[in-house]
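Reader: I'd like to learn how to read a fold like this one, feature by feature. Could you walk me through it?

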Amino acid sequence: MRVTFRDARAEDVPAVVALLADDMLGATRERQDMDLYRAAFEAMRAEGANDLIVGEDGAGRIVATYQITFISGLSLAAARRAQVESVRVASNLRGQGVGQMMFADAEARAREAGCRLVQLTMNATRTESRRFYQSLGFEASHVGFKKPLEG
């Protein structure tokens, strides 16, 4: 299967949300209000170094997505890094190499942006995802924390 990755466009937002909702965690977290997602997409575009990427199959269907944010910082000898989030592959295509293509694309974008490190977080319940990321050379080197903010 061949998948082509490109920057998302506003008309891609519903397909991306459908991918985000197409798993056991996303099904409980995502909402139907597309206005909320469209506003978030426009905010991401305005930020500049925060990109939503989609993967299209040969028929033009969106079958994968990820968000990549480029972060400049002082640690690690001022290493620029790429943060990858919201990684999804259509459920009927998982295990067919699409994720490997996606991360090859993410790494190429990170190198082009001058990054020396790619990092990501994942929900601890995603044991298959953990094995996948490790197969790509990612190391579980840190412990992450999240705290919801009220209001």
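Reader: Let's start with the rings. How many aromatic pairs does a search of the whole structure find?

Author: Five aromatic pairs turn up when the whole structure is searched. Keep in mind that this is a predicted model. One of the pairs is Phe103 with Tyr133, in an edge-to-face arrangement, with 5.5 Å from centre to centre and 70° between the planes.

Reader: Which elements hold Phe103 and Tyr133?

Author: Phe103 sits in helix α5 and Tyr133 in helix α6 (residues 127-135), so this pair ties together parts that are 30 residues apart in sequence. Both Phe103 and Tyr133 are buried.

Reader: And why is the pair of Phe103 and Phe138 called edge-to-face?

Author: You look at the angle between the ring planes: over 60 degrees counts as edge-to-face. For Phe103 and Phe138 the planes stand at 75° and the centres are 5.6 Å apart, so the pair falls in that class. This pair also links distant parts of the chain, since Phe103 is in helix α5 and Phe138 in the segment after α6, 35 residues apart.

Reader: How do I decide whether Phe103 and Phe138 are buried or exposed?

Author: Use relative accessible area; under 20% means buried. Phe103 has 2% relative accessibility, so it counts as buried. Phe138 is buried as well, because its relative accessible area is 16%. Put the ring pairs together and you get a cluster of Phe103, Phe132, Tyr133 and Phe138.

Reader: Now the sheet. What is the order of the strands?

Author: Start with the general idea: strands of a sheet pair through backbone hydrogen bonds, either parallel or antiparallel. Here, five strands form an open sheet in the order β1-β2-β3-β4-β5, with mixed pairing. The strands at the edges are β1 (4-7) and β5 (117-120); each has a single partner strand, so one side of each is left without a neighbour in the sheet. On average, neighbouring strands of this sheet are turned by 30° against each other, ignoring direction.

Reader: How many bridges join β3 to β4?

Author: Seven bridges join β3 (residues 62-71) and β4 (residues 81-89), and the two strands run antiparallel. To find one such bridge on screen, go to Phe70: its bridge partner in β4 is Ala82. Then look for helix α5 (residues 98-112), which packs on the sheet and touches β1, β2 (50-56), β3, β4 and β5. The direction of α5 makes about 30° with that of β3.

Reader: Which residues does Asp105 touch, leaving out those up to four places away in sequence?

Author: Phe5, Ile53 and Tyr66. Asp105 lies in helix α5, and the residue is buried, given a relative accessible area of 17%. For its side chain, check the polar contacts: Asp105 and Tyr66 are joined by one of 2.5 Å.

Reader: What does the side chain of Asn50 make polar contacts with?

Author: The side chain of Asn50 has a 2.7 Å polar contact with the side chain of Gln67 and one of 3.1 Å with that of Thr69. Asn50 belongs to strand β2 and counts as buried, at 9% relative accessibility. Setting aside neighbours within four places in sequence, its contacts are Met44, Gln67, Ile68 and Thr69.

Reader: Where is Asp22?

Author: Look in the loop between α1 (13-21) and α2 (26-29). Asp22 is partly exposed, with a relative accessible area of 30%. Not counting residues up to four places away in sequence, Asp22 touches Ala90, Ser91 and Arg94. With Ser91 there is a side-chain polar contact of 2.9 Å.

Reader: Let's zoom out. How many helices and strands are there in the chain?

Author: The chain has six helices and five strands, running β-α-α-α-β-β-α-β-α-β-α from the N terminus on. To judge how compact it is, compare the radius of gyration with a rule for globules. Here the radius is 15 Å, close to the 15 Å that the globule rule gives for 151 residues, so the chain is as compact as a globular protein of that length.

Reader: What share of the residues counts as buried?

Author: Of the 151 residues, 36% count as buried. Contacts are another thing to read: among those in the chain with a separation of 6 or more, 60% come from residues 24 or more positions apart.

Note on methods: Residues numbered from 1 in each chain as written. Predicted model: local features only at pLDDT ≥ 70, side-chain atom pairs only at ≥ 80, totals over all residues. Heavy atoms only, no water. Pairing = 2+ DSSP bridges. Helix = DSSP H or I, 4+ residues; strand = E, 2+ residues; numbered from the N terminus. Axes fitted to C-alpha atoms, helices over the stretch in contact; angles between N-to-C directions. Contact = heavy atoms within 4.5 Å. Phe/Tyr/Trp six-rings, centres within 6.5 Å; stacked < 30°, edge-to-face > 60°. Buried < 20%, exposed > 50% of the residue type's maximum accessible area, 1.4 Å probe, protein only. Polar contact = N/O pair within 3.5 Å; in protein donor to acceptor, adjacent residues only side chain to side chain. Rg over C-alpha atoms; globule rule 2.2 N^0.38 Å.
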